[in-house]
Amino acid sequence: MKSTVNTAHKEKWLKLTLAAVLTLNSSFIMAAEKVNLSMLSWPGYGFWFIAKEKNLAPELDINISIIEDPYESYSLMTAGKLDVTSSSVEYGPIAADIGVPIKLVTYTNPSYGTDKIILAPGVKSATDLIGKKVAVMEGGLPQIYVGIWLDKNGVNFDQVEYVNVIMDEAVGAMIGGNVSGGAFWEPFGENVIKNLPGSTVVAESSQPEWISEAILADGIYMNENFIAQRPKAAKLMIEAYFKAVDWWKKHPEEGNKIIAKGIHFTVSDVEMVLGKTGNAHKGGLMVFDQTQAAQFMGLLPGNPPLGMKNGQIKTNWNTMSDWWKKFGFVQKTYDWQAGVDTAPLKAALESK
């Protein structure tokens, strides 16, 4: 009889325990807050897939969309359909000028050789490009890259004809002979070199003047309302991203496989950009950890690596603003705080 009572008691206890566990799990799942995020299919943005696969943000349900045109992402953010996007860092001055609710919240990875300016066979110098077509993404960093390079080599930015193309179209235009030069990032630049004998690389972002200036870089943007109305989620997104970077630095082989699967690249193409060691990869990217990003944004003391300066965001903002005014994308220039909001990164630093 005692045994029967104990058995019945154990069954009741197990049922109650199971119910409690299911209730807790259900509450946990319901508590996961959905955040809509977009990115180009680019290894430098792939750390979000590590954050998801390794459950580095258990309080968030990060919904990742691959959108190849960054301006489509900015439109969706303006409409409130996207909360966060990983993209290159040049959009802030344009967003400030046209008054859209989008803020750059942090730099994430300066280009350390992945961005190149390539000239077609027979074109040897900036002077040879005068009056000819150059492939860039107008309103994107490649256009500023070419503009600065022309200026450094004695040619005015408006002495060439810019052809607005996304990256795979730029490769086709170059190989097809429709343009005389262009700005490319990897693995697209490598495709041009392999398939267009006689083409030459005349600028590379690992060169000291380019990496120290860090004009060519990626970052994270957030919708203003997302930052203001969901500050905890904004902070958790920053934490998730940099936890993924830290995890990748310790497990680069597995991390690169996760990124390759997420963005539908080959692992070798991911390694071309991120390397195999989890360290700064010359020829690819210098991936910031949270401390380095905070130094670049002026939130922590000390200088970021490779000649960059503390608080360099302010200098870079002014450089990009001036170029967008030259190209006619903005009517006037603004203070850097008009387009940058470091509150999520600051909150993440304070929660450590």
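The largest pocket is lined by Leu40, Ser41, Trp42, Glu68, Met137, Ile166, Met167, Asp168, Trp185, Phe188 and Phe265. Its space comes to about 200 Å³. By class, that lining has eight nonpolar, one polar and two charged residues. The model is predicted, and totals for linings use all residues.

Enclosed space was searched for as well. Over the whole structure, two cavities of 30 Å³ or more are found. The largest cavity holds about 260 Å³, and the second largest has a volume of about 40 Å³.

| Space | Volume | Lining by class |
|---|---|---|
| Largest pocket | about 200 Å³ | eight nonpolar, one polar, two charged |
| Largest cavity | about 260 Å³ | 13 nonpolar, six polar, three charged |
| Second largest cavity | about 40 Å³ | nine nonpolar, no polar, no charged |

**The largest cavity**

Lining the largest cavity are 22 residues, and those nearest its centre are Tyr45, Ser88, Asp115, Trp185 and Asp218. Two or more lining residues come from each of β3 (84–88), β4 (102–112), α5 (141–152), β8 (181–185) and β10 (217–223). Helix α5 supplies the largest share of this lining, three residues. The lining is made up of 13 nonpolar, six polar and three charged residues.

**The second largest cavity**

The walls of the second largest cavity are formed by Val136, Met137, Pro142, Val165, Ile166, Met167, Ala170, Ala183 and Trp185. Here the elements giving two or more residues are α6 (167–175) and β8. By class the lining has nine nonpolar residues, with no polar and no charged ones.

Some residues recur between these spaces. Met137, Ile166, Met167 and Trp185 line the largest pocket and also the second largest cavity. Trp185 is in addition among the residues nearest the centre of the largest cavity.

**Glu90**

Glu90 is placed in the loop between β3 and α4 (92–98). Because its relative accessibility is 4%, Glu90 counts as buried; the cut-off for that class is under 20%. Beyond its neighbours within four places in sequence, Glu90 is in contact with Gly139, Gly140, Leu141, Ile144, Tyr221, Met320 and Trp324. Two of these contacts, Leu141 and Ile144, carry numbers inside the range of α5 (141–152), and Tyr221 falls within β10 (217–223). Glu90 and Thr319 are 229 residues apart in sequence, yet their C-alpha atoms are 9.8 Å apart in space.

**Aromatic residues**

The count of aromatic pairs comes to 19. One of them joins Tyr241 and Phe242 in an edge-to-face arrangement, with 5.0 Å from centre to centre and 90 degrees between the planes. Tyr241 and Phe242 are both buried. Phe157, Tyr162, Trp323, Trp324, Phe327 and Phe329 form one aromatic cluster. Trp324, a member of this cluster, is also one of the contacts of Glu90.

**The protein as a whole**

The protein has 15 helices and eleven strands. Its C-alpha atoms fill a box of roughly 100 × 40 × 40 Å, taken along the principal axes. Of the 352 residues, 52% are buried. The exposed area is about 15600 Å², of which carbon and sulfur atoms supply 52%. Among contacts with a separation of 6 or more, 74% are between residues 24 or more positions apart.

Note on methods: Residues numbered from 1 in each chain as written. Predicted model: local features only at pLDDT ≥ 70, side-chain atom pairs only at ≥ 80, totals over all residues. Heavy atoms only, no water. 1 Å grid on protein atoms, 1.4 Å probe; cavity = no way out; pocket = protein on both sides within 12 Å on 5 of 7 lines; lining within 4 Å. Points joined across faces, edges and corners; volume = space filled by probe spheres on them. Helix = DSSP H or I, 4+ residues; strand = E, 2+ residues; numbered from the N terminus. Nonpolar A, V, L, I, M, F, W, Y, C, P; charged D, E, K, R; others polar. Buried < 20%, exposed > 50% of the residue type's maximum accessible area, 1.4 Å probe, protein only. Contact = heavy atoms within 4.5 Å. Areas by Shrake-Rupley, 256 points an atom, 1.4 Å probe, with all protein chains shown as cover. Phe/Tyr/Trp six-rings, centres within 6.5 Å; stacked < 30°, edge-to-face > 60°.
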